[in-house]
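Student: Got a minute to go through this one with me? I'd like to start with the core and then wander around.

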Amino acid sequence: MAAFESQHSVLSRLHEALKVPGNDRCADCAAKNPDWASTNLGVFICINCSGIHRKLGTHISQVKSLKLDDRSWSSQMVENLTKIGNDLANQLWAKHVPICYKRPREDERPDSTLREQWIRAKYERKEFLSESCPSYLHDKKVGMLYKKGKGRNEWKPRWFVLNVQDGTISYYKSRSSEQRYSFITARAGKNSTVGALDRPLGVIPLRHSNACLAHSITQHPNSLQIIVPDEMASKGGCGHTRNIFVYSETGQEVVEWLAAIRNARYRILKMKAGDTLTRDFTKAGYLDKTGPTLSTGWKKRWFVLDDRKLRYYGNPLDPFELNEIDIGHTSQGYDVRDEITDQRRRAPQYGITLLTPARNFFLNATTQDEHMAWLGALKMVVETPTDGRTL
């Protein structure tokens with residue numbers, strides 16, 4: 001290469017490197033058309049991931065904009081991007097990502113804990129360079145998490161124990177409670193007399209449970225929502241599921257708990273690569289709802305669309321739903337309309353009708369954007385044939 005290269009020539013080579021297959025998507029979240037780069041790592045990244053790269057520090061990642069910094073690109077910077085690129089970099093930094101580790105999607109929130117911890121795991125902690133099994137993938141994971149209590153803002157520290165062999169997560173009042181319980185039951189069996197304070201406060205079966213990060217619901221950045229099936233929910237309420245909310249003091253810890261849950265399900269259910277280990281909600285948010293009779297007024301409810309189930313709650317952090325609606329295919333009598341179909345009712349501005357064989361559900365979105373988003377999500381469900389799959 002010549003000792004001096006014009007900026008025009010440097011930028012020309014930079015944009016040629018961007019056209020190489022693999023470089024047209026963010027190296028970290030796969031968003032299309034990345035317009036930032038880490039010049040020392042040799043990767044092209046999106047604006048959302050670039051913010052996290054900046055937080056790593058320049059000793060790890062040196063970030064530049066392809067659009068805003070077009071006068072300060074050196075030949076060496078472009079040389080790195082040309083020689084390395086996204087595909088080769090990920091063959092190194094993401095070579096041994098466990099099957100159960102959840103990667104961020106391109107539509108992940110910019111401030112998502114998952115996005116940040118994925119990038120920190122790759123480049124800062126260098127977790128995926130070797131095949132060594134991380135501690136969160138062992139048969140047992142333990143730690144203290146803050147669990148949502150019955151009070152509106154009540155969060156209590158609890159000692160959690162995930163046991164792959166049992167297929168459960170148990171939680172105790174304290175670590176010492178779990179130690180005493182384990183000691184007594186190991187010597188005398190699980191049917192032995194154990195003080196009430198030392199017994200598990202709850203046991204979560206993992207086979208049919210789901211888990212997802214819950215920052216937008218709890219307002220805690222490092223929070224997790226565990227959705228527990230009927231057999232546990234029936235002990236404490238009348239709903240089909242129970243929500244258990246927890247948060248950790250660090251983002252790394254909560255992402256590792258999610259990975260541990262996914263690993264346990266992978267092993268318990270003997271899943272294959274590509275199977276659904278845990279499932280994010282299709283859509284969640286507030287909708288107004290009215291009942292089947294004309295005398296029923298409109299009430300604000302928190303709705304969650306989870307695969308083919310639409311649940312609604314009085315509040316986002318409620319443990320039990322008020323109702324759960326199973327949504328089938330259009331051939332089974334299900335449909336969605338972008339208006340209130342009952343002409344006897346006062347039509348709200350952003351009305352939606354969910355038609356089911358049993359009854360029609362009348363809903364109203366809070367904004368036009370939410371109206372379109374809920375319509376799209378619900379239509380996608382009713383237009384997708386049912387195939388009998390369950391989580």
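Tutor: Sure. One term before we start: a nonpolar core here is a set of buried Ala, Val, Leu, Ile, Met, Phe, Trp, Tyr and Cys residues joined through side-chain atoms within 4.5 Å. Keep in mind that this is a predicted model.

Student: OK, so which residues touch the most other members in the largest nonpolar core?

Tutor: That core has 53 residues, and the ones touching the most other members are Tyr101, Tyr123, Leu162, Leu224, Ile226 and Ile261. Helix H9, residues 251-268, gives the most to this core, with nine residues.

Student: And what is Ile226 in contact with, leaving aside its neighbours within four places in sequence?

Tutor: Ile204, Asn210, Ala211, Arg242, Asn243, Ile244 and Ile261. Apart from the largest core lies another one, of 21 residues, including Leu287, Phe303, Tyr312 and Ile325.

Student: Let's do H5. How many residues of H5 are buried?

Tutor: Eleven of its twelve, so H5 is largely enclosed by the rest of the structure. The buried residues include Arg115, Glu116, Arg120 and Lys122, along with Trp118, Ile119 and Tyr123.

Student: What do those buried residues pack against?

Tutor: The buried residues of H5 pack against S2, H2, helix H4 (85-93), strand S8 (210-213) and H9.

Student: Take H2 then. At what angle do H2 and H5 pack?

Tutor: About 50°, with the axes of H2 (residues 47-56) and H5 (residues 113-124) 10 Å apart. H2 and H5 are therefore oblique to each other, and their crossing is right-handed.

Student: Which residues meet there?

Tutor: From H2 you have Asn48, Cys49, Ile52, His53, Lys55 and Leu56, and they meet Arg115, Glu116, Ile119, Arg120, Tyr123 and Glu124 in H5. Tyr123 is also one of the core residues that touch the most other members.

Student: And how do H5 and H9 pack?

Tutor: At an angle of about 95°, with axes 9 Å apart. H5 and H9 are therefore roughly perpendicular to each other. Thr113, Leu114 and Gln117 of H5 make the contact with Gly251, Gln252, Val254 and Val255 of H9.

Student: What about H1 and H3, at what angle do they pack?

Tutor: H1 and helix H3 (residues 75-83) pack at about 15°, with their axes 9 Å apart. That makes H1 roughly parallel to H3. H1 passes H3 in a left-handed crossing. Val10, Arg13, Leu14 and Ala17 in H1 meet Ser75, Val78, Glu79, Leu81 and Thr82 in H3.

Student: Switching to single residues. Is Phe245 buried or exposed?

Tutor: Phe245 is buried, with a relative accessible area of 2%. You'll find Phe245 in strand S10, residues 242-247. The C-alpha atoms of Phe245 and Lys147 are separated by 5.9 Å, though these two residues are 98 apart along the chain.

Student: What else is Phe245 in contact with, beyond its neighbours within four places in sequence?

Tutor: Among its contacts are Tyr146, Lys147, Lys148, Trp155, Ala214, Ile217, Leu224, Pro316 and Leu317.

Student: And Asn86, is that one buried or exposed?

Tutor: Asn86 counts as buried, at 1% relative accessibility. Asn86 has its place in helix H4. Outside its neighbours within four places in sequence, Asn86 is in contact with Gly22, Asn23, Arg25, Cys26, Ala27, Gly42, Val43 and Phe44.

Student: Backbone oddities: which residue has a positive phi of about 70° although it is not a glycine?

Tutor: That's Ala30, in the loop between helix H1 (7-18) and strand S1 (36-38). Most residues other than glycine have a negative phi. Asp307 also has a positive phi, of about 60°, and lies in the loop between strand S12 (299-306) and strand S13 (309-313). Ala30 is partly exposed, with a relative accessible area of 33%, and Asp307 is partly exposed at 29%.

Student: Last thing, where is the confidence lowest?

Tutor: In helix H8, residues 230-233, at a mean pLDDT of 57, while strand S2 (residues 43-45) is highest at 98. Over residues 233-237 the pLDDT is below 50, and beyond near neighbours in sequence that stretch has eight contacts in the model. Where pLDDT is low, the predicted coordinates should not be read in detail. The chain averages 89, and 93% of the residues score at least 70.

Methods:
Residues numbered from 1 in each chain as written. Predicted model: local features only at pLDDT ≥ 70, side-chain atom pairs only at ≥ 80, totals over all residues. Heavy atoms only, no water. pLDDT = per-residue confidence, 0-100. Helix = DSSP H or I, 4+ residues; strand = E, 2+ residues; numbered from the N terminus. Contact = heavy atoms within 4.5 Å. Buried < 20%, exposed > 50% of the residue type's maximum accessible area, 1.4 Å probe, protein only. Axes fitted to C-alpha atoms, helices over the stretch in contact; angles between N-to-C directions. Parallel < 35°, antiparallel > 145°, perpendicular 65-115°, else oblique. Left-handed = near helix turned anticlockwise from the far one by under 90°.
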